[in-house]
Amino acid sequence: MRRLSTVTLAMGLVLLAGCTDGDDPEPKVPPTNSSSAVSTPTPTPTGPVEPTLPPEAEGDDAAAAEAFVRFYWETAHYAQASGDVEGLEALASTSCRNCRSGTDYLRDAFAQGASFKGGETTVTSTVSTEYEAGPVEGFEVRARVRNEKQIVDWPEPKDDEVFPAAVISTRFLVERQESGFAIGFWETLS
């Protein structure tokens, strides 16, 4: 929306400058060409925008696994803001119970008319270690995460939930799969 305002302001200034020629009181209007098309500005989204997988998360090394964990948190925030949990669900393997619990909670909350305020999450640091457990291989990614205060606004008669701001340590098992990475497990350590 800011981009549209800036473009509109710039266009207004250009038009004003064109009308300040002191020698000619007649406004100079360019001739119209009936074959030229009128362009309409593309509307900008007004709600949350679903994140896309960054190129840094598309590899199969430790740096890509860490970028994937950051992307997972961005997608979780989008799901809370939009009610759309499909993208978040797609990032987790079927074995990740905490992932499923989180998406089930969001789906249930939105079905009951709840809304989420705040809760912005920022991954402040990551450390990864490669692992192999039978047929599953990938990276253990430990991440420090800063969560802003969040309020889950439930409709009456249910009380709202308030989650205070916190910095937590988490552990993810990021599994390599044919299509890229998936979260196989995650837990809060502190």
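How many residues does the hairpin use to join β6 to β7? That hairpin runs through two residues, and the notes below work outwards from this part of the fold.

1. **What we're looking at.** This is a predicted model, so local features need a pLDDT of at least 70 and side-chain atom pairs count only at pLDDT 80 or more, while totals for chains, interfaces and linings use all residues. Residues are numbered from 1 along each chain as its sequence is written, and side-chain values use heavy atoms, with hydrogens and water left out.

2. **Confidence.** The average pLDDT (the predictor's confidence in each residue, from 0 to 100) is 82 for the protein, and 76% of the residues score at least 70. Keep an eye on residues 1–25: pLDDT stays under 50 there, and the model has three contacts beyond four places in sequence for that stretch. Contact here means heavy atoms within 4.5 Å.

3. **Layout.** You get four helices and seven strands, in the order α-α-α-α-β-β-β-β-β-β-β along the sequence. These elements are DSSP runs numbered from the N terminus: helices are H or I with at least four residues, strands are E with at least two. Of the contacts between residues at least 6 apart in sequence, 55% join residues at least 24 apart.

4. **Surface and burial.** About 12,600 Å² of the protein is exposed, with carbon and sulfur atoms supplying 55% of that; the areas come from the Shrake-Rupley method with a 1.4 Å probe, and for residues only the protein chains shown count as cover. Buried residues are 30% of the 190. Buried means under 20% relative accessible area, exposed means over 50%, and partly exposed is in between (1.4 Å probe, protein chains only).

5. **Strand pairing.** Two strands pair if DSSP finds at least two bridges between them. β6 and β7 do so in the antiparallel sense over eight bridges, with L173 having F185 in β7 as its bridge partner. β2 and β3 also run antiparallel, joined by 12 bridges, and V127 has R142 in β3 as its partner. The β2/β3 hairpin has two residues between the strands, and G134 in that hairpin takes a positive phi near 65 degrees.

6. **The core.** A nonpolar core is a set of buried Ala, Val, Leu, Ile, Met, Phe, Trp, Tyr and Cys residues joined through side-chain atoms within 4.5 Å. The largest one has 34 residues, and Y72, F172, V174, I183 and W186 touch the most other members. At least two residues each come from α2 (62–82), α4, β3 (136–147), β6 and β7, and α2 gives the most, with 10. For a look at one member, take I183: leaving aside neighbours within four places in sequence, I183 is in contact with F68, Y72, L91, A92, S93, C96, C99, F172, L173 and V174.

7. **A polar residue on α2.** T75 is found in helix α2 and counts as buried, at 3% relative accessibility. Beyond its neighbours within four places in sequence, T75 is in contact with P51, G87, L88 and L91.

8. **Helix-to-helix salt bridge.** The count comes to eight salt bridges, using the rule of a side-chain nitrogen of Lys or Arg within 4 Å of a carboxyl oxygen of Asp or Glu. In one of them, R107 and E89 meet at 3.1 Å, N to O. R107 lies in helix α4 (residues 97–111) and E89 in helix α3 (residues 86–90), so the pair ties together parts 18 residues apart in sequence. R107 is partly exposed at 37% relative accessibility, and E89 is partly exposed at 24%.

9. **Strand-to-strand salt bridges.** E130 and R176 also meet at 3.1 Å, N to O. Since E130 lies in strand β2 (residues 121–133) and R176 in strand β6 (residues 166–177), this pair ties together parts 46 residues apart in sequence. E130 is exposed, at 51%, whereas R176 is partly exposed, at 24%. Then there's R171 with E187, whose closest N and O atoms are 2.8 Å apart; R171 is in β6 and E187 in β7 (residues 180–188), 16 residues apart. R171 is buried at 18% relative accessible area, while E187 is partly exposed at 25%.

10. **A network.** The R171 and E187 pair also belongs to a network of salt bridges that links E140, R142, R171 and E187. R142 turned up in the strand pairing too, as the bridge partner of V127.
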